[in-house]
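Q: I'm new to this one. Could you take me on a close look at a single part, the nonpolar patch on the surface?

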Amino acid sequence: MDIVTVRNLYKKYGSKENQVIALNNITLSIQEGEFVAIIGFSGSGKTTLLNMIGGLDKPSDGEVIIAGKKINQFNEDERTLFRRRNIGFVFQSYNLISNLTAYENIILPLQADGENVNEKYLNDIVEILGIKNKLDSLPRNMSGGQQQRVAIARALITKPAIILADEPTGNLDSKASLEVINLLRGTCKKYNQTVIMITHNDNLAQLADRIVRIEDGIVRC
Amino acid sequence: MYQNSNLKFVWQLSKRNYSSNKERNIVSILAIILTSFMLMTIFTVGFSYIKSYDLQQLQLLGTTGNATLDNPSDKQIAILENNNKVKNVGIREDVIQAGKVEYSGDNTRLYYALRYYDDIEWNKHRKPALDNIVGKYPRDENEIMMSSWVLKKMGVTNPQIGEKYEFSYNLGTEQKVKEFVLSGYFDEYDNSIKDGSVAYVLVSKKFVEDNKELLTQTIRIADISLVENIKNIEIENLEDSLNLQEKQVFSVNPELQSQMTVEVVIMVCFIILCIVACGYLLIYNIFNISITNNIHYYGQLKVIGITKNQIKGILLWQGIKLAIYGVLIGSLLGYLFSSFMVPIFLNSMLEKKTGIVACNMWVVIGTVVFTGITVFIAILKPAVIAGKISPIEAIRYEKNAANRTRKVKRRKRPTIFQMAIDNVLGDKKRCFLVLLSMTLGITACITIGALVTSMNTDNYVKSNMDSDIELKNKTTALGYDNEVAQVFDVEFINSLKNMEDIREISMIKQQLVVPMYEEEVFGRYVDTMLSGEEDIDPTYFKSYPNLFYSQMIGIEVTESLKNEYKDVDWNAFEDGQICLIPCSKPELINKGDTITFQLGSYENSTGKAIMTGNKYSITIGGYLPESYNNYGSARTAAPYVVVSQKYINSIAKDAIISNIMIKVNKQAEKAVNESVNKLVVNSRFSDGIVVVSAFEKIEGLKQTKITLFGMGGSLAVVLALIGIINFINVINTSIIERSRDFVIMESIGLTKEQIMRLVTYESLIYFALTMLFVLTVGNGILLFVYNTFSSIVTYAEFSYPILLLLGIGFLLFLICYFVPKIAIGKNFSSTIVERLKTNE
């Protein structure tokens, strides 16, 4: 079953002679549980596509359907709520809240929903990610790899259908990068989640189930 | 080593940094303006008040001299002049004192006396206490100089130099009439309070010399000004060196009570400290936040080789520039405000509109220095921090990260509200600074409100006056030199009784009596009262009974008197069977003893009483407070005797009315006051009557209250404003600082509304903590200040400014509610994606 469907997606910035077409009529489907790597040069539209799928931005034209819902028709709050409950984001620069501990960062999406913390589930995640002993640490007291794992834990805590990872290994060394990708794969399999990952690294892209190449806003298969 | 000469470079960087921080600059200048405005106002008001009060005191005394020696010999004058504890010795001579000098055109009972001042006395002692001197001190034998109030009494409202006035006086055995020429006149403090109805007419040295042989009753006094802070032992040594003759008196005036008591100094210092602290906190916060926001910039400067002292210099230069603008504008505003308010304030606080002093150089210097110090110390710490930061630290620095100190326990169901608490209390230093600034500002505000509302004018009047209007016979007042006179004649009393809206009139009468001295009755009293008077042997009075005289005071028995002194048999008192003794030591005079007395009159020339008429006896029935002695006109060896009006009327029909107390219908106070004042002015004894009106005192105090409220309120508002600006600045800046955090929150699923709620909760927590601090610590400060205040303003009745506090609380609440919304609104103006990119 297709969990993500993108149809005739356009995203334009600016107007007239200053107009930039970031996404140019993209049509794409991703299956549930699939691990997809999106690759392309800088400025090719990878992040823009991810932002559309994650509801961070609205397309200029076209449809984005996530789990049967046309999120391009949602207003901002609806997209935010949808994102909170169905999508987990992992960023290149980790984007942890600097004055919250690892634990507090992880449960932040639950806090937003007023949900109870499922301590058993959280324990499982942090065990898998190897950050159990870092739960009370502040981000500045963790290495880049540890911070990224915390970010992954945060993305997983709401049991989202989809994980969107924008260059999750961009700031990590090769060893840590491999670890993170393997973790993403592992959790993807364990919890049957769909992972869409942007990467510059062709070697890491090979670990995905499918590679989608984007050039100048167009998908090249 | 490489030379590091780079003032120009630092100045250029400073200029660039200055231009790129417009918002910070505006807020900083505003803070400095407010601080210097308040300091300028406080210094101007305080300095002017002290100076004006001192000047008023001088004018009250009429001389700068603080010691006198009567009938000094030339040798004694020489000793004084050569003593290094003596600044000046002036001579004054009351050349015609005994017997009246009458002005031929005068139909009032004003007594004139001719007086001479030598050059030192006139120039050093008298002139500084006078205003508006026109003309010069008399030189020729027929020249005189007078005070403008004396001329006014003579009906001369527009005096001219060279005008002629004819006075008649006794010179030796001759009755003389002489035409004098006015050589000058001046304004002085109304002398009629001090000297009764005596008007001094100044004459020349030539007049004194030409009439020397005939001026047999001249009273010559050396007026002496001693150095400041002279010790008692030095005064004693000076007195000893003068070798005083029999009956010669050397007296030193007690030091005038300075307004600057320890309590007042503490209060003033406290106010200045408050202002400096509030200003400091605001400016410190502004610059601290600015440093935090630009930490990467300073780190980059370090990377490229700028030293820590250069970075400090960049900030301090900016501070100087801001301080110059802020101090100039703030001081100017403070000066304009003070120039307008200070005269109004002083006129309402001081008895007379005398000696109003405006701002001077020291006030300006004080303002500039204090504000400059405030700005400097506020900027110094942030500048040092900026200088110390290492490049690596700066690159990795995250705005909100460094300050988290609070460990938060894990919660099963964490809420936005709990997150808000953690955010506020997590950074203890910032929390403390914001709370301190807010608390100080609000506390200052409500403290001033409490002081002003506590000046209960009703309470003042109640504590000082038993009636609405009191008329006093000046000639019966203590210290009055001339004869006692019946200024409230029958015509006057009848006019008073016929006035509308007067509820009650009561009188106090006075009669000199000569009790028969009996050791058993008066022995202990006289021993105690005259202890220390070595010349007086109590049995002396047996031999000289007419020296043992007293005042009989006749009072009306009122309900309030009966209620206050329940142990007195008021019926017996009313019937004249008993009298009461004003004495605080009942053990000195026995209740139940009988006093036998005769009526008397006082002989000025001999200082003795002349006994007249029958003997009377009356039993001592109890005691009254010593304040009843104030109704008398002399300090006497025998105790005063208080009897009923009925009794005194029965034995002394000509007893002098010393006081008339009038109670008035409330709604007609103003009209009755006007009528009474008019009656007094038109009376032929108007100079002998003093009117004390509760209504006028209340009106005067109302003006004081309004002025105080205006001035104090303005200062309180400014202080509160500083606190509020600080608060707004902190909220706004913390939102800006956390813009990265907010966009992250939004990216992972927190809605704008939730983020708005988070920051609103945070500011409401600040509000709640501030109000808690105000109600605890703030009220403690308020009580301390009030206690000091009430020791000066003794009639103050504590009144907590609840409305003011509620108003401020409400205003703060609105700020806490709306400022985060506005700040977040500005923050969320672009899309999530744009903000994510900006904050990477």
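A: Sure, let's start with the helices behind the patch. Helix 1 (7-19) and helix 11 (308-349) of chain B each bring at least two residues to the nonpolar patch; helices here are DSSP runs of H or I with at least four residues, numbered from the N terminus. Helix 11 of chain B has the largest share, with 10 residues.

Before going on, a word on the model: it is predicted, so local features need pLDDT of at least 70 and side-chain atom pairs count only at pLDDT 80 or more, while totals for chains, interfaces and linings use all residues. Residues are numbered from 1 along each chain as its sequence is written, chains are lettered from A and ligands numbered from 1 in the order in which they are written, and side-chain values use heavy atoms, leaving out hydrogens and water.

Now for the members. The patch includes Leu7(B), Trp11(B), Trp317(B), Ile320(B) and Tyr325(B), and Tyr325(B) sits in helix 11 of chain B. Also among them are Ile324(B), Leu328(B), Ile329(B) and Leu332(B), then Leu333(B), Tyr335(B) and Leu336(B). Together they have about 1,200 Å² of accessible area (Shrake-Rupley method, 1.4 Å probe, with only the protein chains shown counting as cover for residues).

What makes it a patch? Such residues have over 30% relative accessible area and no salt bridge, and nonpolar side chains (Val, Leu, Ile, Met, Phe, Trp, Tyr) are joined within 5 Å, like charges within 9 Å. A salt bridge here is a side-chain nitrogen of Lys or Arg within 4 Å of a carboxyl oxygen of Asp or Glu.

Elsewhere, Glu76(A) and Lys752(B) do pair up in a salt bridge, at 3.6 Å from N to O.
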